[in-house]
Amino acid sequence: MKVSRLSKRRSEAHEALEHGRITKGGQALKPGYQVKAGDVIEIAYATRFVTVRILDVPLRMTPAVKPADLYEILEQRRDEPLEWI
């Protein structure tokens, strides 16, 4: 998520996974889940939900990797701010 810029920091992505704010098919993902090309995931940010399809998962970050080429936004919606535990 950090490489694709869907999350600002790696620790932020890990926390979101631990609290069930990143789902695939309605099931919360665990921090060890290996994202694959073709996966459709939903990410719950503080005031919005974003559904994306993963197009590519690079092995490492290089200057040739363009974050916008790694995923496709399928849906975005705004909701009331979530209460984080």
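In this predicted model, T51 of strand 4 faces E75, a residue of strand 5. These two strands, the second of which covers residues 71-78, run antiparallel to each other and are joined by 7 bridges. Another pair along the same two strands is formed by R48, which stands opposite R78 in strand 5.

Strand 4 also has a partner in strand 3. T51 is the bridge partner of E42, and V50 in strand 4 stands opposite I43. The pairing of strand 3 with strand 4, which spans residues 48-54, is antiparallel and rests on 5 bridges. A hairpin is made by strand 3 and strand 4, with 3 residues lying between them. Residues count as buried when their relative accessible area is under 20%. By that criterion 5 of the 7 residues of strand 4 are buried, and the strand is therefore largely enclosed by the rest of the structure.

From strand 3, the path through the sheet leads on to strand 1. Strand 1, residues 22-24, pairs with strand 3, residues 40-44, in the antiparallel sense through 2 bridges. One residue pair in this pairing is T23 and E42, the latter being the bridge partner in strand 3. E42 thus appears in two pairings, with T23 and with T51 in strand 4.

The whole arrangement can now be stated. An open sheet is built from 5 strands, which follow one another in the order 2-1-3-4-5 with antiparallel pairing. Strand 2 and strand 5 lie at the edges and have a single partner strand each, so one side of each lacks a neighbour in the sheet.

Attention may next turn to a loop residue. Where is D39 placed? D39 belongs to the loop that connects strand 2, residues 27-28, with strand 3. Is D39 buried or exposed? Its relative accessibility is 7%, so D39 counts as buried. The side chain of D39 makes a polar contact of 2.7 Å with the side chain of Y33. Beyond its neighbours within four places in sequence, D39 is in contact with K24, Y33, Q34, V52, R53 and I54.

The final feature is an open space in the model. Empty space is revealed by rolling a probe the size of a water molecule over the atoms. The second largest pocket holds about 160 Å³ of space. Its lining consists of 14 residues, of which E12, A16, R21, A44 and Y45 are the closest to the centre. Helix 1, residues 10-18, and strand 3 are the elements that contribute two or more residues to this lining. Which element gives the largest share of the lining of the second largest pocket? That share comes from helix 1, with 4 residues. In chemical character, the lining of this pocket comprises 10 nonpolar, 1 polar and 3 charged residues. Strand 3 therefore links the parts of this account, since strand 3 pairs with strand 4 and also gives residues to the pocket lining.

Notes: Residues are numbered from 1 along each chain as its sequence is written. This is a predicted model: local features need pLDDT of at least 70, side-chain atom pairs count only at pLDDT 80 or more; totals for chains, interfaces and linings use all residues. Side-chain values use heavy atoms; hydrogens and water are left out. Two strands pair if DSSP finds at least two bridges between them. Buried means under 20% relative accessible area, exposed over 50%, partly exposed in between (1.4 Å probe, protein chains only). A polar contact is a pair of N or O atoms within 3.5 Å; within protein, one must be able to donate a hydrogen and the other to accept it, and residues adjacent in sequence count only if both atoms are side-chain atoms. Contact means heavy atoms within 4.5 Å. On a 1 Å grid over the protein atoms alone, a cavity is a set of points where a 1.4 Å probe fits but cannot get out, and a pocket is an open set with protein on both sides within 12 Å along at least five of seven lines; lining residues have an atom within 4 Å of a point. Grid points are joined across faces, edges and corners, and a volume is the space filled by probe spheres set on the points. Ala, Val, Leu, Ile, Met, Phe, Trp, Tyr, Cys and Pro count as nonpolar, Asp, Glu, Lys and Arg as charged, and the others, Gly among them, as polar.
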